[in-house]
Amino acid sequence: MFKTPPRPMKFQALDLSFKKQQTRKRAPKIASLIILALLFSVFSVYSPLLRFKKLSELASSPLDLVNTYDDINEGEEKWCDLFRGEWVRNPEAPYYTNSTCYGIQEHQNCMKYGRPDSEFLKWRWKPDGCELPIFDPHQFLELVRGKSIAFVGDSVARNHMQSLFCLLSRVLYPQEMSNATDENRQWEYKEYNFKISMFWAPYLVRSGEITGPNNKGRSFVLYLDEFDDWTTKIEGYDYVVISAGHWFFRPAMFYENGRIIGCLYCPQENVPHLTPFFGYQSAFRTALRAINSLKNFKGVTFLRTFAPQHFENGTWDSGGNCLRTRPYKRNEILLADNNLEMYKIQREELRIAREEGRKRGLKFRLFDVTRPMLLRPDGHPSIYGHWPTQTVELPNDCVHWCLPGPIDTWSDFFLELLKRVESEKSVA
């Protein structure tokens, strides 16, 4: 039996570690290479293990591959790359506090629960070659007057939306139009006829939790080729921000065409054991295909990329923590391993969706927080996040983001991206 995923206000478990895949040695002879290539082309049609080409094979280095996708936003050659740059000091930040914004959940309320340092609040993002304006709530509300935005994803997507609420609270608060216990939530800024919705979809595709006494590890079943319910609700939205990430490291059974095709961290020996990347790429491909299949959808889709976690000296369940108090410089850390693989998957699936969407005039845009947030190990709640009814010690949180905190910069990015989209409409 299966049941729906837990309610959105519930604190979610974090990442699970997994072993790195071993790369195959190349055959020494050209003939062997040709034979292997032919076998790969045949078996990839039938085997889930081989369906997706490992993205790291597309370039000789991670940097080469990232640069390969720098033209992901077609028609944006005239704009500078917002997401390549450094964090620089900003003594004027933050622009709200934990006492001026009521929308901060307890597990993000780092200052309330005694975080002793505040330097992590005093930074802004400086792109190479241009400036990124600080979020202007009046300008944002005027730009979205009469429009609607849907956030689709997990608790980090909700974290993003709550940061936007707090920044807008300098002007006004929205009225909630949904029940506070609903999985999906909706708010309205009536003065601007502007609506924001949150659709809870941590796996993006149809999924459910496996029930029973043997499911102590909270295993899930993912129907990788089936659209989730949110796809029936977004057709009237002007902007959709889609994201997902950390849930894909949980134990899972993978289904396609109504049958099991593999699993992740499962004890069964007679089921193919797949990697988190297989489920991740399949889910994004299905979710973006769902958007392209909507007959009445005319909006713009932003794929918000994976926000790296920053556990050090252990994983989430072995005492790992994130206690740094300042950002990295970009030469101090490399986008690598799990973070790099998931980032490449998202950019590749966005490229495929954009090419398909072009046939209907649909727009897909890159919302790249991966590179900037890789440099912010100082912005997580760590031990300074609690629930009012918390009775047991929770793992250190190095996945979500303090409010206020570095995640507020996502609204700087979002406003600039929206201005670019609207400027394209004016010249079309």
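**Figure 1. The loop that holds P404, in a predicted model.** P404 sits in the loop between helix 7 (370-374) and helix 8. The peptide bond between L403 and P404 is cis, with omega about -5°. Helix 8 spans residues 409-427 and supplies at least two residues to the lining of the largest cavity. D408 and T409 are among the lining residues closest to the centre of that cavity.

**Figure 2. The cis bond before P94.** A93 and P94 are joined by a cis peptide bond, with omega near 0°. P94 belongs to the loop between strand 2 (85-89) and strand 3. A93 also appears in the lining of the largest cavity, as one of the residues closest to its centre.

**Figure 3. The largest cavity.** The model contains three cavities of 30 Å³ or more. The largest cavity encloses about 180 Å³ of space. It is lined by 19 residues, and those closest to its centre are A93, Y95, W123, D408 and T409. Strand 3 (123-127) and helix 8 (409-427) each contribute at least two residues to this lining. By residue class, the lining has 11 nonpolar, three polar and five charged members.

**Figure 4. The second largest cavity.** The volume of the second largest cavity is about 50 Å³. Which residues line the second largest cavity? They are D154, V156, S243, A244, G245, H246, R304, F306 and A307. Four of the lining residues are nonpolar, three are polar and two are charged. R304 is also part of strand 13 (residues 300-304), the strand shown in Figure 8.

**Figure 5. F140 in the largest nonpolar core.** In soluble globular proteins, nonpolar side chains tend to be buried together. Here the largest nonpolar core has 99 residues, and F140, F302 and F367 have the most contacts inside it. Leaving aside residues up to four places away in sequence, F140 touches F135, I149, L164, L168, F194, F414, L415 and L418. Apart from the largest core lies another core of seven residues, including Y223, M253, Y255 and C263.

**Figure 6. P174 and its surroundings.** P174 occupies the loop between helix 4 (155-168) and strand 5 (175-176). Is P174 buried or exposed? P174 counts as buried because its relative accessibility is 12%, under the 20% cut-off. Not counting residues up to four places away in sequence, P174 touches Y102, F165, W187, E188 and Y189. P174 and Y189 are 15 residues apart along the chain, yet their C-alpha atoms are separated by 4.7 Å.

**Figure 7. Strand 6 between strand 5 and strand 7.** Strand 6 (residues 185-189) is mostly covered, with four of its five residues buried. Strand 5 and strand 6 run antiparallel and are joined by two bridges. In this pairing, E176 stands opposite W187 of strand 6. Strand 6 also runs antiparallel to strand 7 (residues 194-200), through five bridges. W187 faces I196 of strand 7 in that pairing. The hairpin of strand 6 and strand 7 has four residues between the strands, and N193 there takes a positive phi near 50°.

**Figure 8. T301 in strand 13.** T301 is a residue of strand 13 (residues 300-304). With a relative accessible area of 1%, T301 is buried. The contacts of T301, not counting residues up to four places away in sequence, are V240, I242, I291, K363, F364 and R365.

**Figure 9. Positive phi at Y265 and D337.** Y265 is not a glycine, yet it has a positive phi of about 55°. Y265 lies in the loop between strand 12 (259-264) and helix 5 (276-293). Its relative accessible area is 31%, so Y265 is partly exposed. D337, again not a glycine, also has a positive phi of about 55°. D337 is found in helix 6, which covers residues 337-357.

Notes. Residues are numbered from 1 along each chain as its sequence is written. This is a predicted model: local features need pLDDT of at least 70, side-chain atom pairs count only at pLDDT 80 or more; totals for chains, interfaces and linings use all residues. Side-chain values use heavy atoms; hydrogens and water are left out. On a 1 Å grid over the protein atoms alone, a cavity is a set of points where a 1.4 Å probe fits but cannot get out, and a pocket is an open set with protein on both sides within 12 Å along at least five of seven lines; lining residues have an atom within 4 Å of a point. Grid points are joined across faces, edges and corners, and a volume is the space filled by probe spheres set on the points. Ala, Val, Leu, Ile, Met, Phe, Trp, Tyr, Cys and Pro count as nonpolar, Asp, Glu, Lys and Arg as charged, and the others, Gly among them, as polar. A nonpolar core is a set of buried Ala, Val, Leu, Ile, Met, Phe, Trp, Tyr and Cys residues joined through side-chain atoms within 4.5 Å. Buried means under 20% relative accessible area, exposed over 50%, partly exposed in between (1.4 Å probe, protein chains only). Contact means heavy atoms within 4.5 Å. Two strands pair if DSSP finds at least two bridges between them.
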